[in-house]
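Please look through the sequence and the model below before reading on. The paragraphs after it are meant to be read with the structure in view.

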Amino acid sequence: MRPLPVPDPGVPDRRSATRFLLWLAARIWPTLGWGMGLAVVAFVGQALMPAVLGRAIDAGLIARDTDALLRWGLVLLSLGVAQAIVGIVRHRFATFNWLAGAYRTVQITVDHANRLGATLPKRLATGEVVSIGTADINHIGGALDILSRGTGSLFAVLTITVILLATSVPLGLVVVLGVPVLMAVVAVLIRPLHRRQEAYRDQQATLTTRASDIVAGLRVLRGVGGEAVFSARYRAESQALRHGGVRVARVEALLEATQVLMPGIFLVLVTWLGARFALRGEITVGQLVSFYGYTVFLIGPLRMLTELIDRITRGHVSARRVVSMLDLRPGITDPEHPVALPDGPGELVDVESGVTVRPGRLTALAAAAPQDAVAIADRLGRYVDSEATLRGVPLRKLTLGTVRRRIMVADNDARLFSGPLRAELDPHDRADDATIAAALDAASATDIVAALPGGLAGRVAERGREFSGGQQQRLRLVRALVADPEILILVEPTSAVDAHTEARIADRLGPARRGRTTLVCTTSPLVLDRADHVVLVSDGKAVAEGGHRELLDTEPRYAAVVTRSEEDCDPQRGGLR
């Protein structure tokens, strides 16, 4: 599949949504065209059946002509068989069009989400993304699916109108004038329906976001006793969503009733007029039966036309939301003229703070404010634009692919995905058993694998929910060590583990990364004491550097940061761990 040219942000949403739907239709035009053509054949063939039935009555039964009755009976049978076969093939094409439209939209949005990277969660709520991947793709697929049936229904109505006008002008005029009236009534109902549907979808996305936040932070909520508060908020929003659904259902029920009532009025009116004309001898008995068949058949195509308007409108609303996501631009993009970076180690420098990460060493960054450490890690990993350099080359002059291959930032926002544990620790399937075993040992995570049924072949549940916070943190560290990047930046890699486990990780991390460049953002004295070099950051600037014990003796600001960390780690002083 060729990549979608992302719509110009300056184009109005409505035009962009239409262009997106046309783009999808153009990508499947062969099957879309076949589906529409076959639908025309199937619906027109079905529309001709009442006429054939009327001719069989007049020429066969009324005239008592057995040969004519047999002949028109075979024509009716042939139409029925042909219509059934064509209908089956048409349905297959319609289903393919639905799936192609829905899942092509999934491919496009997932691909764009990958390009957005860290920009996506900053610009779009989780619930909005989930709604695009569930409700919106159904509406977009439905818009493409209804095109074939809608086209066939339109041709069927036109065919019946021509036949009625040729047979009886008054009856034909009933259809000619009645169909626009039906469409107008439906249009009046569809506008408020889709306003309510759009509001309902927004509420649904908000509630989905709320639910995902609660599930992700359930342990924290239990720790602070906030379950009841958030449960009450979710219940209130859920009830508001229910009321919104009821408001939508009211209009939908009215629309459905109209779709039955209006064609029913046509049925009664045409049948009544046809009976009067037959009594006056203006039409034959066979034509009366045909007229009744036409009106009964028209109920389906007329409802299909109202469904066409409904689904196209829904698809347009959903396409507008997809386009709004495609309009998002990554916060960081490749330079227009990228520079080649020579192979080999080199200094990684954050110009703004003055932090320098020397090659082949384990450097620790102790920040008085945790957000300063996160900001520096983001700049050094080029997750935000900055003046940071590698080997003297500004990171902004390198392609993102080059930066990601050379520098890895591992923080505690990283997720564990469902699947075999081995694939989770080694997504690219490049490491051998010895490499994974060494990483597990360095992260003090061998006990996790031993306790998991199946070991490395055991399956990880969604988001690794079967693991504690400390176990998840150690597994994320294993994944980073197995990747073995040239430069690894770890943000608080031991904040959720106990002191004994932290000591083991601190002892083993340096040897595990020997010969590689590593920056650890932490205030843990256990980790700081094992670092080759320590940098103190205060107010976003590097204010001191040296060895851990040297800084403890000579730098009061460093001692204050580390001492506070020691108190937090000491259970006997009322600390967190």
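What follows begins with confidence in the model and then turns to one helix and the strands around it.

This is a predicted model, and the mean pLDDT of its chain is 83, with 91% of the residues reaching 70 or more. Over residues 1–15, however, the pLDDT is below 50, although this stretch has 31 contacts in the model beyond near neighbours in sequence. Residues 568–577 also stay under 50, with 13 contacts beyond four places in sequence. Where pLDDT is low, the predicted coordinates should not be read in detail.

Helix 16 covers residues 499–512, and because its 14 residues at 1.5 Å a residue should span 20 Å, the 20 Å separating its end C-alpha atoms agrees with that expectation. At the N-terminal end of helix 16, Asp498 acts as a cap, with a side-chain oxygen 3.0 Å from the backbone nitrogen of His500. Thr501, Glu502, Ala503, Ile505, Ala506 and Leu509 are buried in this helix, and the buried residues of helix 16 pack against several elements, among them helix 13, helix 15 and strand 9.

Together with strand 9 and strand 10, helix 16 makes a right-handed β-α-β unit. The two strands pair in the parallel sense over 5 bridges, one of which matches Val491 with Cys521 in strand 10. Strand 3 also runs parallel to strand 10, joined by 4 bridges, and here Thr363 has Leu519 as its bridge partner.

How are the side chains of strand 10 arranged? Thr517, Leu519 and Cys521 point one way, while Thr518 and Val520 point the other way. Because 5 of its 5 residues are buried, strand 10 is largely enclosed by the rest of the structure.

Conventions. Residues are numbered from 1 along each chain as its sequence is written. This is a predicted model: local features need pLDDT of at least 70, side-chain atom pairs count only at pLDDT 80 or more; totals for chains, interfaces and linings use all residues. Side-chain values use heavy atoms; hydrogens and water are left out. The expected span of a helix is 1.5 Å times one less than its number of residues. Buried means under 20% relative accessible area, exposed over 50%, partly exposed in between (1.4 Å probe, protein chains only). Contact means heavy atoms within 4.5 Å. A polar contact is a pair of N or O atoms within 3.5 Å; within protein, one must be able to donate a hydrogen and the other to accept it, and residues adjacent in sequence count only if both atoms are side-chain atoms. pLDDT is the predictor's confidence in each residue, from 0 to 100. Two strands pair if DSSP finds at least two bridges between them. A crossover is right-handed if, with the strands pointing away from the viewer, the path from the first strand over the helix to the second runs clockwise.
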